[in-house]
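Colleague: I am new to this structure and would love a close look at a single part of it. Could you take me through the salt bridges, and then show me what else is worth finding nearby in the model?

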Amino acid sequence: MRGILVAAVMVAAAHGAHAADMPEFGALRGAVVDTPPGVVNWQGFYVGGQGGYGTSDMDFTNSTSNIASRMMALTTIENEYQVSQWPVLGKRSAQGSGYGGFVGYNWQWDDVILGLEANYMHGNFGGSDSGSMGRSFTTSDGYTNGVTYRASANMQVKDVGSVRARAGWAIGSFLPYAFGGIALGQADIIRSASISGTAVNANAAPGFQTINFAYNKTEQMNSHFIYGYSAGLGMDMMLYRGLFLRAEWEYQKFAAPINTAVSTVRGGLGYKF
């Protein structure tokens, strides 16, 4: 009987020691992701700030043609010679800078990272162009017309953002990634068109006839909403316990009264919770 009691005591003690070495159930439930040795845990929410420098590429070629065509809709010179389509403006590029922030969430499967992110930049990305063209021609009503078409356009993109999906591959402390999504923005747009000239008809009754004409119109849109698509590449580098650095390039193409694309390079600092 004494031997049985001793054996029971030894089994109970061993069982207690084993239980003490086991992690608590609450600790198991609190685990977010089981990353292999040497792989940084990127899963979870993150937030950060950024600054950048970029180029705005703007095509002003047809930006005032609709304004001019509305002004000249019932005239012979527009119907026969399409003055509103004359190429008075061209393409321009300008540099600008800005600052902003980002917030997102990552899902992780071993080395594979997928995520969703909202990204924002406030700055001054835009440009302007102006030009003129003059021609002389005779229309079917017998008038010889000397016409000058002047135009100007300006677009300043103040705010740009994107809602994007990310895909990356964790390599040690580095996370290179690619992304694509929807681009959004606000812009101030001013467009002006002026068409003037003289029409002369030497054979008009009762005699020589001269007509001077001038058409002018300016349209301005403040905080005009623009949208398009976004794509780019980047890399996050984990520094210490959730703190990471970011380097990124983003291309945004916008559908707007002035055909516009904004390309920026950015640097940022973020924290993964």
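Modeller: Happily; here is a walk through the salt bridges, followed by a pocket and a surface patch.

Please keep in mind that this is a predicted model. By the rule used here, the count of salt bridges comes to 13. A good one to begin with joins the side chains of aspartate 129 and arginine 92, at 3.0 Å from N to O. Aspartate 129 belongs to strand E3 (residues 112-138) and arginine 92 to strand E2 (residues 91-109), so this pair ties together parts that are 37 residues apart in sequence. The two partners differ in their surroundings: aspartate 129 counts as buried because its relative accessibility is 9%, while arginine 92, with a relative accessible area of 41%, is partly exposed.

Now turn to glutamate 248. Its side chain meets that of arginine 164 in a salt bridge of 2.8 Å, N to O. Arginine 164 lies in strand E4 and glutamate 248 in strand E7, so here the parts tied together are 84 residues apart in sequence. Arginine 164 and glutamate 248 are both buried. Glutamate 248 also has a salt bridge with arginine 246, at 3.7 Å from N to O, and arginine 246 is buried as well. Through shared partners, salt bridges join Glu117, Arg164, Arg166, Asp236, Arg246, Glu248, Glu250 and Arg266 into one network.

Strand E4 (residues 144-169) also holds asparagine 145, which takes us to the largest pocket, where Asn145 is one of the lining residues. This pocket has about 180 Å³ of space. Asparagine 145 counts as buried because its relative accessibility is 3%. From C-alpha to C-alpha, asparagine 145 is 8.0 Å from isoleucine 77, although 68 residues separate them in sequence. Ile77 is in the lining too, along with others including Met72, Asp141 and Phe213. Helix H4 (76-81) and strand E6 (209-240) each give at least two lining residues, and E6 has the largest share, with three. By class, the lining has seven nonpolar, four polar and one charged residues.

Strand E6 leads on to the surface, since strand E1 (44-59), E6, strand E7 (243-255) and strand E8 (259-272) each supply at least two residues of a nonpolar patch. Among its members are Phe45, Leu239, Leu243 and Leu269, and the patch has about 950 Å² of accessible area together. Leucine 269 sits in strand E8 and counts as partly exposed because its relative accessibility is 43%.

Definitions and conventions:
Residues are numbered from 1 along each chain as its sequence is written. This is a predicted model: local features need pLDDT of at least 70, side-chain atom pairs count only at pLDDT 80 or more; totals for chains, interfaces and linings use all residues. Side-chain values use heavy atoms; hydrogens and water are left out. On a 1 Å grid over the protein atoms alone, a cavity is a set of points where a 1.4 Å probe fits but cannot get out, and a pocket is an open set with protein on both sides within 12 Å along at least five of seven lines; lining residues have an atom within 4 Å of a point. Grid points are joined across faces, edges and corners, and a volume is the space filled by probe spheres set on the points. Helices (H or I, at least four residues) and strands (E, at least two) are DSSP runs, numbered from the N terminus. Ala, Val, Leu, Ile, Met, Phe, Trp, Tyr, Cys and Pro count as nonpolar, Asp, Glu, Lys and Arg as charged, and the others, Gly among them, as polar. Patches are made of residues with over 30% relative accessible area and no salt bridge: like charges are joined within 9 Å, nonpolar side chains (Val, Leu, Ile, Met, Phe, Trp, Tyr) within 5 Å. Accessible areas come from the Shrake-Rupley method with a 1.4 Å probe; for residues, only the protein chains shown count as cover. A salt bridge is a side-chain nitrogen of Lys or Arg within 4 Å of a carboxyl oxygen of Asp or Glu. Buried means under 20% relative accessible area, exposed over 50%, partly exposed in between (1.4 Å probe, protein chains only).
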